[in-house]
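Please take a moment to look at the sequence and the 3D structure before reading on. The paragraphs below go with them step by step.

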Amino acid sequence: MRPGATETEVAAVIEHLDLLSLNSHVSRGAERTVVGVVGVTDDKDTLAAQFAQFDGVESVVPISRSYKLVSREARASTVVRLRNGATFGGATLAICAGPCSVESREQLTATAVAVARSGANVLRGGAFKPRTSPYAFQGLGEDGLKLLREAADANGLAVVTEVLDVRDVEVVARYADVLQIGARNMQNFGLLRAVGELRLPVLLKRGLSATIEEWLMAAEYVVVAGNHDVVLCERGIRSFDPHTRNLLDLAAVPLVRELTHLPIVVDPSHGTGVRALVAPMSLAAVAAGADGLLIEVHPNPAAAFSDGPQSLSPPLFAELMLAVRAVAHAVGRRLPGDEVVQAAAG
Ligand code: PEP
Ligand code: MN
């Protein structure tokens, strides 16, 4: 719609789309309103010409890409906002930190207190773990979710945690602020549809060997089901080189920002699998334009039930946050806590 198009003009467009049984989604940006439309039609050109005549319509842009609703053209940049004030896609980065797996109340409380103090605003931790071996620790299940909620609430943090199975969506949604879809489930279409039914943000990790197109199509599954709050997470892809666990694709960050309006965060922990590489890749991710970070932190990495070798200790995480803050400011972004400092100064 043209800048300044009236609500009546927008409503007239939507009404006519309804009449043609085409699904529409309205996105109100600072500058203009975008009406995204999906549906099957034989004659796109005639339809486009028709809608171009409606009052208030600036242009009709056919999206020829396979993904529609998540494409950059479809709407203004998505900002996902959580109850505790954390945002994905806003000026302030989301800093998600915590252990790979929830192991115990003591472990999780120590981590939550430490990461909150260093500037994280979201607590991560797996209660349902996707382990390569069926004999490895599978997570504490609902007890783990309860511990996450408790530790997060006590420290002003939100909770992001993985849902592995359609059958667990309801219980995980009861405790989490953000539902994580793990790399191994990126193309579990039943699970994508199930989380698409909810009105709870979804963090969608890139599949182990997924192309960007496949990843965005997976996001499209969630959005087309009605859930628009999707955050992408680059966590590395399979490569031939065993020196790192995965190949962290940082070029995906600026690329994805061109292709989609969805926010993107980077997970340098699974992306490298190597503790010493987590800090430099975190800084590079923020410099590349990431909307946040997802970092594994454990009070005693050597004793972690899973992913110890890539986990940071609380002091290492604190040190990293100082450097991340400097890079964020250099690229015009803020970190959680900056607002408080600014407000106090103002
Ligand atoms: C995780 O973040 O806990 C995890 C299992 O990551 P991924 O799905 O990226 O392997
Ligand atoms: Mn892990």
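What follows is a walk through the surroundings of two ligands in this model, which is a predicted one.

Begin with ligand 1, whose space is the second largest pocket. Around ligand 1 stand R124, K129, P130, E162, Q180, G182, A183, R184, K205, R235 and H270, and when this shell is sorted by the character of its residues, it divides into six charged, three polar and two nonpolar ones. Three side chains can be picked out for their polar contacts with ligand 1: an N or O atom of the R235 side chain is 2.6 Å from an oxygen atom of the ligand, while the corresponding distance is 2.8 Å for K205 and 2.9 Å for Q180. Taken on its own, ligand 1 has 300 Å² of accessible area, and the protein covers 96% of it.

Now turn to ligand 2, a manganese ion, and ask which atoms coordinate it. They are SG of C100, NE2 of H270, OE of E296 and OD of D307, at 2.0 to 2.3 Å. Along the sequence, these donor residues follow the spacing C-x169-H-x25-E-x10-D. Because H270 belongs to helix α9 (residues 268–272) and E296 to strand β12 (residues 292–296), this pair ties together parts that are 26 residues apart in sequence. H270 also appears among the residues around ligand 1, as well as coordinating the manganese ion.

Terms used:
Residues numbered from 1 in each chain as written. Chains lettered and ligands numbered in written order. Predicted model: local features only at pLDDT ≥ 70, side-chain atom pairs only at ≥ 80, totals over all residues. Heavy atoms only, no water. Near = heavy atom within 4 Å. Polar contact = N/O pair within 3.5 Å; in protein donor to acceptor, adjacent residues only side chain to side chain. Areas by Shrake-Rupley, 256 points an atom, 1.4 Å probe, with all protein chains shown as cover. 1 Å grid on protein atoms, 1.4 Å probe; cavity = no way out; pocket = protein on both sides within 12 Å on 5 of 7 lines; lining within 4 Å. Sits in = over half its atoms within 2 Å of the grid points. Nonpolar A, V, L, I, M, F, W, Y, C, P; charged D, E, K, R; others polar. Donors = N, O, S within 2.8 Å, 3.2 Å for Na, K, Ca; no water. Helix = DSSP H or I, 4+ residues; strand = E, 2+ residues; numbered from the N terminus.
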